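Work through the exercises below with the sequence and the coordinates open, and try each task before reading its solution.

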Amino acid sequence: MTEYDFEEIETRWQARWAEAGTFEVTENPAHPKYYCLEMLPYPSGDIHVGHVRNYCITDVVARYKRMRGFNVLHPIGWDALGMPAENAAIQRGVHPEKWTRSNIAGMKRQLQRLGFSYPWSREIATCDPEYYRWNQWFFLRMLERGIAYRAKSPVNWCPKCQTVLANEQAEGGECWRCHSTVEQRELEQWFLRITAYQDELLDDMEELGNWPERVLVQQRNWVGRSTGAEVDFPVEGADPIRVFTTRIDTIYGATFMVLAPEHPRVDALVTGIPDEARVREAVARLRSQDRRARQAGQVEKEGVFTGRYAKNPFGGERIPIWVGNFVLMGYGTGAIMAVPGHDQRDFEFARRYGLDVRVVIQPEGAVLDGGTLEAAHAGPGRTVASGEWSGLDSAEAIARMTVFAESKGFGRGTVTYRLRDWLISRQRYWGTPIPVVYCPKDGLQGVPDEKLPVLLPKDAPFTGEGGNPLENVPEFVTAKCPRCGGAARRETDTMDTFVDSSWYFYRYLSPRKADGPFDARSARYWFPIDLYVGGTEHAILHLVYARFWTKVMRDLGLVTLNEPVVRLFPQGMVHKDGQVMSKSRGNTIAPDDVIRRYGADTLRLYILFVAPPEDALEWKEEGIEGAHKFVLRVWRLVDRHATDFASAIRTPIPAELSEPARALRRKVHQTIQRVTSDVEERIHLNTAVAALMELYNKISEVEEAIAEGPERAVLREAIEALVLLMSPFTPHASEEMWERIGRRRFVVDRPWPAADAAVAREESVELAVQVGGKVRARIVVPRDADEHVVRPQALAAVAEHVRGKEIVKFVVVANRLVSVVVR
RNA sequence: GCCGGGGUGGCGAAACUGGCAGACGCCAUGGGCUCAAAAUCCAUUGGGCCGCAAGGCCCGUGCGGGUUCGAAUCCCGCCCCCGGCACCA
């Protein structure tokens, strides 16, 4: 027997594919295209089995589509800017670029060893100046259009590290690196106006029919569109205060008003009231409460009466104005009308401070009373005690009262969103420099296109203290004003790395293009992306940013698409010891060891077989032997027939076949159907692998019976089909086996086997016969036999169970079962 | 609290639109080959019971109800797990 030397076989075929440029593609209008994309990895140091899983899924689909005649683009690159590289510089004195490049080299070797079908000539790294110059170019276009802007905003600031931190880097209110308590600071920062697209981000979801609903739901919540009304409440002795409410129908139940402690009117309102000092102190205390805890509702509701009163614009009633910690300045208008009878938060606040609770909405079939209410009734009902608006259904009341407020000029229907503009400033070295300079004379100036890229200086002091290293590189900071030519200061903020990943999939189309971010004609050919596979954890951030970016590109006239991705497939995460596998958790498993012991084909097969691709997967190696044994078994099967198949001429399949030969052909064509639909429709690669195993089992069952004589052609058909069907999963072994049975040319260039539906169809079927819902017998009948044929046979088979009983009903489910109902 | 997804053998999992629950694989047990072991091949493998045997019976998809000739699948009410969002007015 020829030994299965996977190491030798795999590296040899990898070299042959590379030599032949097998996976290099160009636009070819003669073939339908398929853009198969995976989320590019951050070069943290090692490919781990979480990456492997992601890339195995796309590789199987890419190879399958290729065999189906598609021109397949399946590229890879590196999300190469970001904090870990800079931290390595701080902690170990390695330059971020050096660290990153060496990680990329190592991870690239790992990916190549797995045999993924990448066109390596299209590889990109976002830390390459020829990549990030286009980040800068996009930024300038956005600056011109007012999409990019500078504004003050409260941000997480670490006093020890002297830098702004992203939210996820300040978890629990502590700096992730030095564990100092993070402060809230008002700082001037760069933003992208994603809120200009908030409605489109929601409405264009109609084009995303092939995205999982749960991702769309998450995005919908993230945008958080909420329809309601703004209402101005007149204030005694001051200008009116505007509130936002989704429930204007409850306005007669408003017994007080609450302002956020940060509300700009608070200061003026409390000026001059009798116990001003005490109230100011209370407000200051509320303001200093931990913002995060306040937002999360983990702080008990607290407030203070301002001593001032407002007037309900509907009922005219006088209501006290409070300041409360549960009202947030970042949402709506930062002020609410409090309706304790119909809002749980207002209710809790009212009970604590003994404020009036009034019922103005009565639910169906109940009579609520404000004095005895134990919780707010937040649901719908009929308006009561609401003056001329009483007796209306909630929805109708909302509509009519909004119109009334508008007609009187004290309110209007409005929509609020939870989505905030995207803060892209980072006080970090290893990111894309924001291409602007500040001139004392001309102010903020964008760097002219022809001066791009604004390069990161090679050397900077990586001390981890004293803020952004770029600020301490005088040659970088010193700039010339593009307008007046005078001395100017260069912006030292760099961009959030989510910018890089928002459009990288366009760069793959023309990765070396020097006069633009990508080639528009290539984009017309390849876009939209047909399949995008990546971790569920990116359901919002990355995927919202990417959608936003494409819309901006469309408005810049660069593309004609609304949405870049037709089908999204979020693959389940790989866990280890109950936790998501990731470098930052330090629980990664690299594929190298498994490859050394079993080879890449076994690893690929195993990782796809062990669970459905969308499910979370706990990494264990217990079943890996099974996958390896399967490859070995097929290897030996091929080995037994290789010489013969390679030398003998191909004989046609005889017209008359024995039952075992017919059964095998049936199985072959059923397997083709099954694997095709599992890969194509549901991407259920685990059941596709199971089907391949079943086919092998069937072949080995009848192998001896048909190994000699003319029926050998059936065996040959079966083995060839098996090798071809396996090839997206175990490409190297398949190439090798294909060659050994005397077939020329790459398996990857072969057409996918075609299923013959007539052959696949069963000739006769076994039906279960139920009596009273229990299976009592089995009968064999011709396929699609109707009741005429089935009934006598079925009744004979269950004679002792129906004897002496009346047959009430006789159900035949074709090719499945028979159900006899007796009395 | 709200929104998603899910609970099926010792384990990973199958079961397309209500139609034979447990495909496929792991583990385990028994057997063949071997001086022996590894590898490999064959058989058994949800639980319980009856039978010398061929074979047969009962129970079983988180829990409790329901619809149906028939429910892992549909409906109602619970319990638990995972993911996301969260004083969002």
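The exercises that follow concern a predicted model.

**Exercise 1.** Determine whether T602 is buried or exposed, and find which residues T602 is in contact with beyond its neighbours within four places in sequence.

*Solution.* Begin by locating T602, which lies in helix 18, the run of residues 600-609. Its relative accessible area is 0%, and since buried means under 20%, T602 is buried. Once the neighbours within four places in sequence are set aside, the contacts of T602 are I624, A627, H628 and V631.

**Exercise 2.** Describe how helix 2 and helix 18 are oriented to each other, and name the residues that make the contact.

*Solution.* First take the axes of helix 2 (residues 49-67) and helix 18, which come within 10 Å and cross at roughly 95°. Angles of 65 to 115 degrees count as roughly perpendicular, and the two helices are therefore roughly perpendicular to each other. Next list the residues: helix 2 contributes V49, V52, R53, C56, I57, D59, V60 and R63, while helix 18 contributes L603, R604, I607 and L608. Sorted by character, the residues of this contact comprise eight nonpolar and four charged, with no polar ones.

**Exercise 3.** Work out which strands stand at the edges of the open sheet with the order 30-29-32-31, and what packs on the sheet.

*Solution.* The four strands of this open sheet have mixed pairing. Strand 30 (774-782) and strand 31 (807-813) each have a single partner strand, so they stand at the edges. Strand 31 pairs with strand 32 (residues 817-822) in the antiparallel sense over six bridges, and I807 stands opposite V822 in strand 32. Finally, helix 25 (residues 787-797) packs on the sheet, touching strand 29 (764-771), strand 30, strand 31 and strand 32.

Definitions and conventions. Residues are numbered from 1 along each chain as its sequence is written. Chains are lettered from A and ligands numbered from 1 in the order in which they are written. This is a predicted model: local features need pLDDT of at least 70, side-chain atom pairs count only at pLDDT 80 or more; totals for chains, interfaces and linings use all residues. Side-chain values use heavy atoms; hydrogens and water are left out. Buried means under 20% relative accessible area, exposed over 50%, partly exposed in between (1.4 Å probe, protein chains only). Contact means heavy atoms within 4.5 Å. Axes are lines fitted to C-alpha atoms, for helices over the stretch in contact, and angles run from 0 to 180 degrees between N-to-C directions. Angles under 35 degrees count as roughly parallel, over 145 as roughly antiparallel, 65 to 115 as roughly perpendicular and the rest as oblique. Ala, Val, Leu, Ile, Met, Phe, Trp, Tyr, Cys and Pro count as nonpolar, Asp, Glu, Lys and Arg as charged, and the others, Gly among them, as polar. Two strands pair if DSSP finds at least two bridges between them.
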